Amino acid sequence: MTTRTATVTWTQANARRIERQGLAAPTASSPDRAVAAMLAAHAQVSSAAELSVGLRLAGATRTDVRRALWNDRTLVRTYGPRGTVHLLTAAELPLWTGALSAIPAGTGPFRKDVRLSADRTEEVLAAVGDALTGAELTIDELSDAVVARTGPWAGDRVMPAFQDMWPRWRQVMHLAGHRGVLCFAPDRGRKVTYTNPGATPLDGPEALAGLVHRYLYAYGPATPQHFAKWLAAPNSWAVSVFAEQAGSGAIEEVAYEGGGPAWLVAGDTDFPAGPARGVRLLPYFDAFTIASQPRERLFPGAAYTRALAGGQAGNHPVLLIDGTVAGVWHQRRSGRRIATAGQLRELEEQVERVGVVLEGKPELTVGKVTVGPHA
């Protein structure tokens, strides 16, 4: 029987997450180490990913992030948690692919006559992996190669997408990323290309144990439900994964202020002595705002409705003041009514830092920011 060994306050948890994320002060020595501290950097919007990583590195710019991705290949751009595009570290790709492949697959959002059977899914995944081995293909080239290796059924344009119809096989692109047979390659002009990273997934149980450990180290205390939400996985599955880790003694239960029972890596009970301090500008879908729970504590008061966009974290770049979301920003940041003179000086420093990372000339204007989708 598990016994709660400690009580962790929101202030303690939040301060430790910020510290371990490199947001209290840049602590990572390279882009891949910065991404490892976050676990993954959301990269649907490339500039947002570059800013997320660059803010956690002293003196870095987006050029450093791009070099790590396309030259040094210490980072990989692929389909990560929630089936969305992320930067992952190349070193941890086997762990990620093993863990993501172990998540139970749902039926998907498509009609039965559109969905692929289990056998045909495997056939497509094998075709994708084979076509991309040693190659960098555009989506049209990859589609032709998949159809040639499977059959005309894979190319049936039955998948609704962006006021168009995509070939049937494309519904498993994210799964190809999760299996380690597809990732992004450098753009060819304005065209996106893909390649096979050659990642052999770790065994499922080993990979899941590693991911739970990494997740709780970065974002604990957390519940199985928090873990499931972060991965877009079934709650019941996450409960069983945590139960297995608890049974092995790898994680321990604590009382978490405002959230009830939660979990930490066993023995990982050291927390900063004081609360988080300082001003930070975080971009779209920054890992810290996505994974930190409970969200009503991170997004207090009006920030919950203004910055969360109906409960979805990440749709707006946010201003953090002393560890909580105090507003949103869009190139020019509003905030004079919520920031002290000292905080405004820090804000100016943050704006300068954003400019350095994105290799542009920043301008700070204090006023109202109009919030809309990806404003």
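The legends below describe close-up views of a predicted model.

**Figure 1. Overview of the protein chain in the predicted model.** The protein chain holds 15 helices and 15 strands. Of its 375 residues, 53% are buried. Among contacts between residues at least 6 apart in sequence, 65% join residues at least 24 apart.

**Figure 2. Helix α6 and the elements that cover its buried residues.** Helix α6 covers residues 118-132. Its 15 residues should span 21 Å at 1.5 Å a residue, and the end C-alpha atoms are 21 Å apart, so the two values agree. The buried residues of α6 are Thr121, Val124, Leu125, Ala127, Val128, Gly129, Ala131 and Leu132. An α-helix has 3.6 residues a turn, so residues three or four places apart point the same way. Strands β5 (137-138) and β9 (191-195) are among the elements covering these buried residues, as are helices α7 (139-149) and α8 (173-179). Just after α6, Gly134 has a positive phi of about 70°.

**Figure 3. Helix α9 and its buried residues.** Helix α9 runs over residues 204-219. For its 16 residues, a rise of 1.5 Å a residue gives an expected span of 22 Å, which agrees with the 22 Å between its end C-alpha atoms. Buried in α9 are Gly204, Ala207, Leu208, Gly210, Leu211, Val212, Arg214, Tyr215, Leu216, Ala218 and Tyr219.

**Figure 4. The crossing of helices α9 and α10.** The axes of α9 and α10 come within 12 Å and cross at roughly 105°. At this angle, α9 is roughly perpendicular to α10. On the α9 side, the contact is made by Leu211, Val212 and Tyr215, and on the α10 side by His226, Phe227, Trp230 and Leu231. Sorted by class, the contact of α9 with α10 has six nonpolar residues, one polar residue and no charged residues. The three α9 residues in this contact, Leu211, Val212 and Tyr215, are among the buried residues of that helix.

**Figure 5. The crossing of helices α10 and α11.** Helix α10 (residues 224-231) and helix α11 (residues 235-247) have axes that come within 8 Å and cross at roughly 125°. This makes α10 oblique to α11. The crossing of α10 past α11 is right-handed. Pro224, Gln225, Phe227, Ala228 and Leu231 of α10 make the contact with Asn235, Trp237, Ala238, Val239 and Phe242 of α11. This contact has eight nonpolar and two polar residues, and no charged residues. Phe227 and Leu231 of α10 take part in the contact with α11 and also in the contact with α9.

**Figure 6. His226 in helix α10.** His226 counts as buried because its relative accessibility is 15%, under the 20% cut-off. Apart from its neighbours within four places in sequence, His226 is in contact with Tyr215 and Gln293. Tyr215 belongs to the α9 side of the contact between α9 and α10. Gln293 precedes Pro294 across a cis peptide bond.

**Figure 7. Two cis peptide bonds, Gly220 to Pro221 and Gln293 to Pro294.** Most residues other than glycine have a negative phi, and most peptide bonds are trans. The bond from Gly220 to Pro221 is cis, with omega near 0°. Pro221 is in the loop between α9 and α10. The bond from Gln293 to Pro294 is likewise cis, with omega near 0°. Pro294 is in the loop between α12 (287-291) and α13 (295-298).

**Figure 8. Pro186 in strand β8 and its contacts.** Strand β8 covers residues 183-188. Pro186 is partly exposed, with a relative accessible area of 25%. Residues up to four places away in sequence aside, Pro186 touches Trp70, Arg73, Glu136 and Thr193. The C-alpha atoms of Pro186 and Arg77 are separated by 9.8 Å, although the two residues are 109 residues apart along the chain.

**Figure 9. Positive phi at Arg73 and Asp322.** Arg73, which is not a glycine, has a positive phi of about 60°. Arg73 is in the loop between α4 (62-71) and β3 (75-79). With a relative accessible area of 43%, Arg73 is partly exposed. Arg73 is one of the residues touched by Pro186. Asp322, also not a glycine, has a positive phi of about 50°. The loop that holds Asp322 lies between β13 (318-321) and β14 (324-330). Asp322 is partly exposed, its relative accessible area being 27%.

Key. Residues are numbered from 1 along each chain as its sequence is written. This is a predicted model: local features need pLDDT of at least 70, side-chain atom pairs count only at pLDDT 80 or more; totals for chains, interfaces and linings use all residues. Side-chain values use heavy atoms; hydrogens and water are left out. Axes are lines fitted to C-alpha atoms, for helices over the stretch in contact, and angles run from 0 to 180 degrees between N-to-C directions. Helices (H or I, at least four residues) and strands (E, at least two) are DSSP runs, numbered from the N terminus. Angles under 35 degrees count as roughly parallel, over 145 as roughly antiparallel, 65 to 115 as roughly perpendicular and the rest as oblique. A crossing is left-handed if the near helix is turned anticlockwise from the far one by less than a right angle, and right-handed if clockwise. Contact means heavy atoms within 4.5 Å. Ala, Val, Leu, Ile, Met, Phe, Trp, Tyr, Cys and Pro count as nonpolar, Asp, Glu, Lys and Arg as charged, and the others, Gly among them, as polar. The expected span of a helix is 1.5 Å times one less than its number of residues. Buried means under 20% relative accessible area, exposed over 50%, partly exposed in between (1.4 Å probe, protein chains only).
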